[in-house]
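Reader: I am new to reading protein models. Please take me closely through one part of this one, and then show me what lies around it.

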Amino acid sequence: MGKRHLGAGLAVGALLAASLAVPAGADDGIRSGYSYMTPETKGMQDDDFQNPGMIWVDDGEKLWNTVDGKAGKACATCHKDAATSMKGVATVYPKYDPKIKKVKNIEWQVNNCRTERMQAKPWKYESGQLLAMTVYIRHQSRGMPMNVSVDGDAIPFFQAGEKFYNQRRGLLDMACKHCHADNAGKNARANLLSQGQTNGFPVYRLKWQKAGSTHRRFRGCNKQVRATPYKAGSDEYMNLELYVAWRGRGLPVETPAVRN
Amino acid sequence: MAKARVKVPKSVKKGEVFEVKTLISHKMETGQRKDKKTGKKIPRMIINKFVCTYNGKEVFTSDWHPAISANPYMAFFVKAGESGNLDFTWTDDKGKATKKSAKVTVTG
């Protein structure tokens, strides 16, 4: 994975967008975290009733239609039906925003809408509301291939994310790539290492017993290599989220996925 | 706050055995965890009893313990008798009950 693949990756992304029938990521050996799960966990995700992540979808739908803030608006006031207006959104986020000259993710955009347009208080990262809203928005793109833009203005942020991904850190002196690029599919003691794809996020993680965001997962990974984690919503993690989303280009959005 | 969901087939044939699926959102706090900041134990708060009645008659009941995961999913089978209501009750440690009801139509 690297610059070598950048051009080819974009072309593949465009191809996949044109044809949904292509098996996700089959060309490059890109595998969703789903394929590493046990049959029981897969079954949980496949059955919408049994999938506990659907609780957050239901909560998100309620919040979508709830008026909040001084402007007297709900998400639905401007965006109407999420099933149409939010369709495909998950496939292109995180993306570059020329206004802030940074990369933003869905959580950031939700809070920006809340403060700027609804004049409401922003939700805390990892709070029940922000998770529910993110799950709900990403859920609208379920089955669509991930296709983030990493050209133009996004290039420096993509490169920063790539650098982070390949940079050793912590007492164990390990980079993201040591587990998720070099050794994916092998066991680290009892744990089967996945490619660390984000297409199913925010996921319902059985270990957490609740839904959690990509940034929570990043923090967990950083702690496991005994590094000091960055804050959820930090620039470092935004860039990393962009890079990791690009790594999973073409994978179908699975939100809310179930992982162990 | 607990929200419950149940799924039963809309209509079944008399004598048929059908599957009932239930899922309730609940933290299922085990009582073993400690608050990271204060170091004090977080008190146990779980659903300890689940009962399903079919037209008033108990058809399924189970006692739950601290090892049950959060957001418990429970599926079981019931034999169709008469048309009527399936009533579900989840009772937590404080004695608070969450109730849900589902209609089932028996044909033939």
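Author: Start with Trp64(A), in a model that is predicted. What is Trp64(A) in contact with, leaving aside its neighbours within four places in sequence? The list runs Ala74(A), Cys75(A), Ala76(A), His79(A), Lys80(A), Ala82(A), Ser85(A), Met86(A), Met133(A), Tyr136(A) and Ile137(A).

Now place Trp64(A) in its group. The largest nonpolar core has 26 residues. Trp64(A) is among those with the most contacts inside this core, along with Trp56(A), Val110(A), Met133(A) and Ile137(A). Look back at the contact list: Met133(A) and Ile137(A) are also there.

Which elements of chain A give two or more residues to this core? They are helix H3 (54-64), helix H4 (75-79), H7 and H8. H8(A) supplies the largest share, with 7 residues. A second core is separate from this one and has 24 residues. Phe50(B), Tyr54(B), Trp64(B) and Val104(B) are included in that second core.

Stay with H8(A) and bring in H7(A). Two packed helices are described by the angle between their axes and the distance between the axes. Helix H7 of chain A covers residues 106-116, and helix H8 of chain A covers residues 128-139. They pack at an angle of about 110°, and their axes are 10 Å apart. An angle of 65 to 115 degrees counts as roughly perpendicular, so H7(A) and H8(A) are roughly perpendicular to each other. Their crossing is right-handed.

Which residues meet there? From H7(A) come Ile106(A), Glu107(A), Val110(A) and Asn111(A). From H8(A) come Leu130(A), Met133(A), Thr134(A), Ile137(A) and Arg138(A). By class, this contact has 5 nonpolar, 2 polar and 2 charged residues. Val110(A), Met133(A) and Ile137(A) take part in this helix contact, and they are also among the core residues with the most contacts.

Move along chain A to another pair. Helix H11 (residues 214-224) and helix H12 (residues 235-247) of chain A have axes that come within 10 Å and cross at roughly 100°. H11(A) and H12(A) are therefore roughly perpendicular to each other. Thr214(A), His215(A), Phe218(A), Arg219(A) and Asn222(A) are the H11(A) side of the contact. Tyr237(A), Met238(A), Leu240(A), Glu241(A) and Val244(A) are the H12(A) side. The classes here are 5 nonpolar, 3 polar and 2 charged.

Step back to chain A as a whole. Chain A has 12 helices and 7 strands. Of its 260 residues, 49% are buried. Take the contacts in chain A between residues at least 6 apart in sequence: 69% of them join residues at least 24 apart.

Finish in chain B. Tyr73(B) sits in strand S6 (residues 73-79). Is Tyr73(B) buried, exposed or partly exposed? Tyr73(B) is partly exposed, because its relative accessible area is 28%. Its contacts, leaving aside neighbours within four places in sequence, include Asp47(A), Phe49(A) and Gln50(A) in chain A. Lys21(B), Thr22(B) and Leu23(B) are also in contact with Tyr73(B). Ala4(B) is 69 residues from Tyr73(B) along the chain, and their C-alpha atoms are separated by 9.9 Å.

Gly56(B) lies in the loop between strand S4 (47-54) and strand S5 (57-63) of chain B. Gly56(B) is exposed, because its relative accessible area is 64%. Leu86(B) is 30 residues from Gly56(B) along the chain, with 8.1 Å between their C-alpha atoms.

Terms used:
Residues numbered from 1 in each chain as written. Chains lettered and ligands numbered in written order. Predicted model: local features only at pLDDT ≥ 70, side-chain atom pairs only at ≥ 80, totals over all residues. Heavy atoms only, no water. Axes fitted to C-alpha atoms, helices over the stretch in contact; angles between N-to-C directions. Helix = DSSP H or I, 4+ residues; strand = E, 2+ residues; numbered from the N terminus. Parallel < 35°, antiparallel > 145°, perpendicular 65-115°, else oblique. Left-handed = near helix turned anticlockwise from the far one by under 90°. Contact = heavy atoms within 4.5 Å. Nonpolar A, V, L, I, M, F, W, Y, C, P; charged D, E, K, R; others polar. Core = buried A, V, L, I, M, F, W, Y, C linked by side-chain atoms within 4.5 Å. Buried < 20%, exposed > 50% of the residue type's maximum accessible area, 1.4 Å probe, protein only.
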